[in-house]
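Visitor: Could you take me on a close look at a single part of this protein? I am new to this, so please explain the terms as we go.

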Amino acid sequence: MKRTTLYASIIGALVLSAAAFGISAAVDSPRSLMSPVDYSAARKGIEADVQMTIAKCASLEDRARDICKAEARASERIRKADLEADYRGTVAATADARLARAKAQFDVARVKCGGEHGEGKVSCLRSARAEKAKALSDAMLAST
C-alpha cells in the first residue's frame with residue numbers, strides 16, 4: 001500500500017471519528033431551557049415559599065393544620081418537578097412532573113381522608129386511590 005493512501009485513510013478515519021464524537025456529545029447532553037443560576041434561584045424561592053406557608057399553617061387547628069401542611073408540601077413537590085422539567089427540557093422530566101403531580105394530589109387526599117372514621121374513611125381512601133391510579137395512567141399515556 002502506498003504511503004499517500006495510508007495517510008489519506010488515517011486522516012479520513014480521524015475526521016470521521018471526530019464527527020461521530022461531536023454528534024454523540026450533542027445527542028447525549030440535552031440542552032437546558034434555563035441557566036443553572038436561574039434554576040437554583042427558582043428552587044430556593046420555592047423552598048422559601050413553602051417554609052412561609054408551613055409557618056402560616058401553625059396557627060390553624062389540628063385537622064386544618066395537617067391539611068394545610070400536606071397541601072404546602074404537595075405544592076412544593078409539584079413546583080419542583082415542573083421546575084426540573086423546565087430546566088431539563090426532556091420528555092422524561094415532563095413525565096416525572098406529571099407523576100409527581102398525581103402522587104402529590106394523592107398525598108393531600110389521603111390526609112383529608114384522615115379526618116373520616118369507619119366506612120367513610122375506607123370509602124374516601126378507595127376513591128383517592130382510584131383517582132391516583134387514573135392520574136398515573138393518564139400521565140404514562142401522555143408521556144408515550
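Visitor: Which residues in H4 are buried?

Guide: Happy to help! This is a predicted model, where local features need pLDDT of at least 70 and side-chain atom pairs count only at pLDDT 80 or more, while totals for chains, interfaces and linings use all residues. Residues are numbered from 1 along each chain as its sequence is written, and side-chain values use heavy atoms, with hydrogens and water left out.

Helix H4 covers residues 91-113; helices here are DSSP runs of H or I, at least four residues, numbered from the N terminus. From first C-alpha to last, H4 reaches 33 Å with its 23 residues, close to the 33 Å expected, which is 1.5 Å times one less than its number of residues.

Now to your question. In H4, the buried residues are Ala 93, Ala 95, Ala 97, Leu 99, Ala 100, Ala 102, Ala 104, Phe 106, Val 108 and Cys 113. Buried means under 20% relative accessible area, exposed over 50%, and partly exposed in between, using a 1.4 Å probe and protein chains only.

Let's follow Cys 113, which counts as buried because its relative accessibility is 1%. Cys 113 forms a disulfide with Cys 124, their sulfur atoms 1.8 Å apart; a disulfide is a pair of cysteine sulfur atoms within 2.5 Å. Cys 124 sits in helix H5 (residues 119-143), so the pair ties together parts that are 11 residues apart in sequence. This partner is partly exposed, at 24% relative accessible area. The link of Cys 113 and Cys 124 is left-handed, with -70 degrees about the S-S bond.

Definitions and conventions:
Helix = DSSP H or I, 4+ residues; strand = E, 2+ residues; numbered from the N terminus.
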